[in-house]
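Biologist: Hey, can you walk me through this one? I'm new to reading structures, so plain words please.
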Amino acid sequence: MSTRSSVQTADSTPRPARTAPSAHPARATRCTEALRDIAEDCTVLSEALLLSAYGVAAPNTELLQRLVDLRDLVDEAIGVVIVRQRAQGEPLADLAPIARRTEDRLRKKYDPPSVDRALATRRRPKPVTPAQSAATAADTPILRRPGQRLACALTRMRNGSGRRQREIAEQMGVHESYVSRMLSGQRDLSWRHVRIICEVCGVDPELMKPLWEAAADVQPSNAEDPVQYLHTYMQGLHYALASPEPAVILAAAQHTISADDLDRALYGPGVPDWPVIDRLTVLLQSLPNITRPLWRRAQAAAESRPIATFS
């Protein structure tokens, strides 16, 4: 065999496929940032699904649409992770078993240019607006919106406990900036997040539950005592406003309610008349259309209870 034919034979020998491409730091950084955005978007869609699932009569078409949107977002995130792995110069063999795909399939389905183009044009989902249109209408003052009342309460809780946002973020497993957006009212909170904040700050989560349910448009459970639920909601509003002294509230009400009315609204016993709750709701920076159904439930429950008799 000639030297020339030996060279041809050597040149035509198949070479093994490359499994660890050269590192691409800039692309890896873009993927990391995109992954954080997608993780937040997953939370938005998950909370939308939660609201639909809690809906009294959410149609199956709505539920399926939420699930499909979430599935598509997860697939988008998988593509970002695959591309980041390649951009970091790491082998796809590490990810293939987890993704239940061959390396070749991952390489073809999630090629970097296609993922780059998708990320450049992606549109982030918007948080679902609760059904209480009056509570979220454009002309409603921001501070009176239920999500903002919850955020104010949690911010006060965090400040009073001396805990840092970093500690809360570590317990949640999220970035510190995400906690900052939750506490400022820019991002909706799940009940799990509220519980974690309360536990880190040493506050009973039950105090925040009515505020969260109002913000998430979740109806109170039938297992809840309607009278106590109303009191807890009013206590939460009071707490969110930095727990002003009774004298301050009565002066702001121009003494249209009494100290006894205030005490009964917050702690009982019984349920004050609606004008008292209405006035106090406004003074505590909330909306009467949220409090009124709670008052009706509490009033009906109180009226149905047997009157105690003493021998």
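Biologist: How many of the eight residues of helix H12 (residues 209-216) are buried?
Modeller: Eight of its eight residues are buried, so H12 is mostly covered, where buried means under 20% relative accessible area, exposed means over 50%, and partly exposed is in between (1.4 Å probe, protein chains only). Among them are Lys209, Trp212 and Glu213. Before we go on: this is a predicted model, where local features need pLDDT of at least 70 and side-chain atom pairs count only at pLDDT 80 or more, while totals for chains, interfaces and linings use all residues. Residues are numbered from 1 along each chain as its sequence is written, and side-chain values use heavy atoms, with hydrogens and water left out.

Biologist: Ok, and what makes up the chain, in helices and strands?
Modeller: The chain has 17 helices and zero strands. Both are DSSP runs numbered from the N terminus: helices are H or I with at least four residues, strands are E with at least two. Of the 311 residues in the chain, 39% are buried.

Biologist: Back to H12. How do the axes of H8 and H12 cross?
Modeller: They come within 7 Å and cross at roughly 150 degrees. The axes are lines fitted to C-alpha atoms, for helices over the stretch in contact, and angles run from 0 to 180 degrees between N-to-C directions. On the H8 side the contact includes Pro146, Leu150 and Ala153, and on the H12 side it includes Leu211 and Trp212. Contact here means heavy atoms within 4.5 Å.

Biologist: Which of those H8 residues are buried?
Modeller: The buried residues of H8 include Pro146, Arg149, Leu150 and Ala153.

Biologist: What span should helix H8 (residues 146-161) have?
Modeller: With 16 residues at 1.5 Å a residue, H8 should span 22 Å, and its end C-alpha atoms are 23 Å apart, which agrees. The expected span is 1.5 Å times one less than the number of residues. Just after H8 comes Gly162, with a positive phi of about 80 degrees.

Biologist: And what follows H12?
Modeller: Asp217 does, and its phi is also positive, near 60 degrees.

Biologist: New topic. How many disulfides are there?
Modeller: Zero. A disulfide would be a pair of cysteine sulfur atoms within 2.5 Å. Cys198 is in none, and the nearest cysteine sulfur, that of Cys201, is 7.3 Å away.

Biologist: Is Cys198 buried or exposed?
Modeller: Cys198 is buried, because its relative accessible area is 0%.

Biologist: What about Pro112, where is that?
Modeller: Pro112 sits in helix H6 (residues 112-121). Pro112 counts as buried because its relative accessibility is 13%. Leaving out residues up to four places away in sequence, Pro112 touches Arg27, Val83 and Arg86. Val80 is 32 residues from Pro112 in sequence, yet their C-alpha atoms are 8.6 Å apart in space.

Biologist: And Asp69, which helix is that in?
Modeller: Asp69 is in helix H3 (residues 60-87). Asp69 counts as partly exposed, because its relative accessibility is 31%. Asp69 and Leu49 are 20 residues apart in sequence, and 9.8 Å apart from C-alpha to C-alpha.

Biologist: Last one: where do helix H13 (residues 226-240) and helix H17 (residues 288-304) sit relative to each other?
Modeller: Their axes come within 7 Å and cross at roughly 145 degrees. Residues in that contact include Tyr229, Leu230 and Tyr233 of H13, and Leu294, Trp295 and Arg297 of H17.
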